[in-house]
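Hi everyone, thanks for coming. I'll walk you through one protein chain today, from its domains to its core and its empty spaces. Have a look at it first.

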Amino acid sequence: MFIYLNGRLVPEEKARVSVFDHGFLYGDGIYETMRAYCGVVFMIDEHIRRLFRSGELIKLKIVRPPDEIKRAIYNTLSKNRLKDAYIRLSISRGPGEIGLDPGLCPKPTIVIITKRFKEYPEEIYKKGVRVSIVKTRRNAPEALNPKIKSLNFLNNILAKIEAKEAGVYEAVMLNYRGYLAEGTITNIFFVKDGSLFTPSVEAGILDGITRKLIMKVAKGNGVKVEEGLYTPESLYGADEAFITNTTLEILPVTKVDNKTIGNGIPGPITGELHKGYKEEVERYLRTGKI
Ligand code: PDD
């Protein structure tokens with residue numbers, strides 16, 4: 001595989017960054033994960049927009065314009081002959097003397113890694129997965145705003161470790177006030193009495209691109225959507241639940257801790273929304289629009 005590294009496509013064995021890179025030393029940087037279907041990077045403009053927003057929030061100036069970044073993504077895919085792909089674009093503060101001052105790093109490091117997309121096991125979509133509400137709380141927005149898609153992932157990694165120890169697929173983090181926030185790499189939704197609920201951005205989450213599209217699909221299907229602050233009990237008592245992200249799309253959740261959700265099988269609204277999401281992907285492939 002070839003890796004895009006600061007404007008060049010290099011074989012992966014030669015794609016090296018400095019040990020002085022502040023991405024390595026301090027987790028100082030940002031990233032995006034994208035998915036390509038049949039050679040088309042789904043909602044690429046939304047991902048690039050969020051990348052620039054993350055850059056602004058950490059005062060990292062992305063010197064290359066959005067169009068150039070878009071071209072770099074497509075060139076990397078085409079060099080690797082990939083059509084259905086996972087794409088990881090990272091921008092770190094770059095190499096510089098040891099010290100926290102971003103001014104020590106004159107040039108950010110831009111890396112694009114692409115891989116053949118490996119489908120998730122069909123079984124997890126058919127049966128749903130178990131999640132656990134973990135002890136690790138999501139960063140408070142006043143400490144490290146979850147809106148920043150940051151390379152500094154320890155908050156989520158600590159939650160992931162708890163999920164692994166509990167033997168569940170994903171961890172659900174509460175915010176510092178004890179309300180539902182999000183998963184380690186996913187947003188969470190639940191259904192109650194036919195309406196769809198998801199923690200609002202104010203709960204302290206990353207406003208997922210998949211999340212936004214799911215809400216649009218739901219509204220289009222006549223499903224009432226509410227964003228707000230929800231307690232763990234509201235999730236335990238849900239009729240259906242699911243998690244979302246760019247690569248998973250919609251993954252049904254059938255158990256939260258020891259509470260079975262609904263009948264313990266993926267629910268009808270979850271199925272309907274996933275179908276609607278797939279139709280949006282199809283439309284995007286045809287028209288380049290949502
Ligand atoms: N993660 N919340 C967090 C903390 C995330 O890291 C992600 C995405 C999401 C969902 O966002 P989106 O729908 O835009 O993918 C929510 C990606 C997939 C990752 O870390 O690789």
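Let me start with a definition: the domain bounds I'll use come from an automatic or database domain assignment. For this protein chain, the assignment gives domain 1 (2-116) and domain 2 (122-287). How far apart are the C-alpha centres of domain 1 and domain 2? They lie 26 Å apart. As for touching, 30 residues of domain 1 are in contact with 20 residues of domain 2, where contact means heavy atoms within 4.5 Å.

Two quick notes on the model. It's a predicted model, and local features need pLDDT of at least 70, side-chain atom pairs count only at pLDDT 80 or more, while totals for chains, interfaces and linings use all residues. Residues are numbered from 1 along each chain as its sequence is written, and side-chain values use heavy atoms, with hydrogens and water left out.

Okay, on to the core. In soluble globular proteins, nonpolar side chains tend to be buried together. By a nonpolar core I mean a set of buried Ala, Val, Leu, Ile, Met, Phe, Trp, Tyr and Cys residues joined through side-chain atoms within 4.5 Å. Buried is under 20% relative accessible area, exposed is over 50%, and partly exposed is in between, with a 1.4 Å probe and protein chains only.

Here, the largest nonpolar core has 44 residues, and Ile73, Leu196 and Leu273 touch the most other members. The elements giving two or more residues to this core include β3 (29-37), α2 (44-57), α3 (66-79), α6 (209-220) and α8 (268-287). Those labels are DSSP runs numbered from the N terminus: helices are H or I with at least four residues, and strands are E with at least two. Which element gives the most to this core? That's α6, with six residues. And since domain 1 (2-116) and domain 2 (122-287) both give residues to this core, it lies between them.

Zoom in on isoleucine 73 for a second. Leaving aside neighbours within four places in sequence, isoleucine 73 is in contact with Met34, Val41, Ile44, Ile48, Ile87, Leu89 and Ile112. There's also a second, separate core of 20 residues, which includes Ile188, Ala241, Val253 and Val256.

Now the empty spaces. Picture a 1 Å grid over the protein atoms alone: a cavity is a set of points where a 1.4 Å probe fits but cannot get out, and a pocket is an open set with protein on both sides within 12 Å along at least five of seven lines; lining residues have an atom within 4 Å of a point. Grid points are joined across faces, edges and corners, and a volume is the space filled by probe spheres set on the points.

The largest pocket holds about 600 Å³ of space. It's lined by 36 residues, and the closest to its centre are Tyr31, Thr33, Lys149, Ile185 and Asn245. By class, this lining has eleven nonpolar, 16 polar and nine charged residues. Here Ala, Val, Leu, Ile, Met, Phe, Trp, Tyr, Cys and Pro count as nonpolar, Asp, Glu, Lys and Arg as charged, and the others, Gly among them, as polar. Helix α6 is back too, with the largest share of the lining, three residues. Why does this pocket lie between domain 1 and domain 2? Because both domains give residues to its lining.

The second largest pocket has about 320 Å³ of space. Of its 14 lining residues, Glu46, Asp207, Gly208, Ile209 and Lys212 are the closest to its centre. Once more α6 gives the most, with five residues. This lining divides into five nonpolar, one polar and eight charged residues. Again, both domains give residues to the lining, so this pocket lies between them.

What about cavities? The whole structure has one cavity of 30 Å³ or more, with a volume of about 30 Å³. β14 (249-256) supplies the largest share of its lining, three residues, and Asp239 is one of the lining residues.

Aspartate 239 sits in the loop between α7 (232-236) and β13 (240-245). Is it buried or partly exposed? Aspartate 239 is partly exposed, with a relative accessible area of 33%. Not counting residues up to four places away in sequence, aspartate 239 touches Val191, Lys192, Asp193, Ile261 and Gly262.

That's my tour, thanks for listening!
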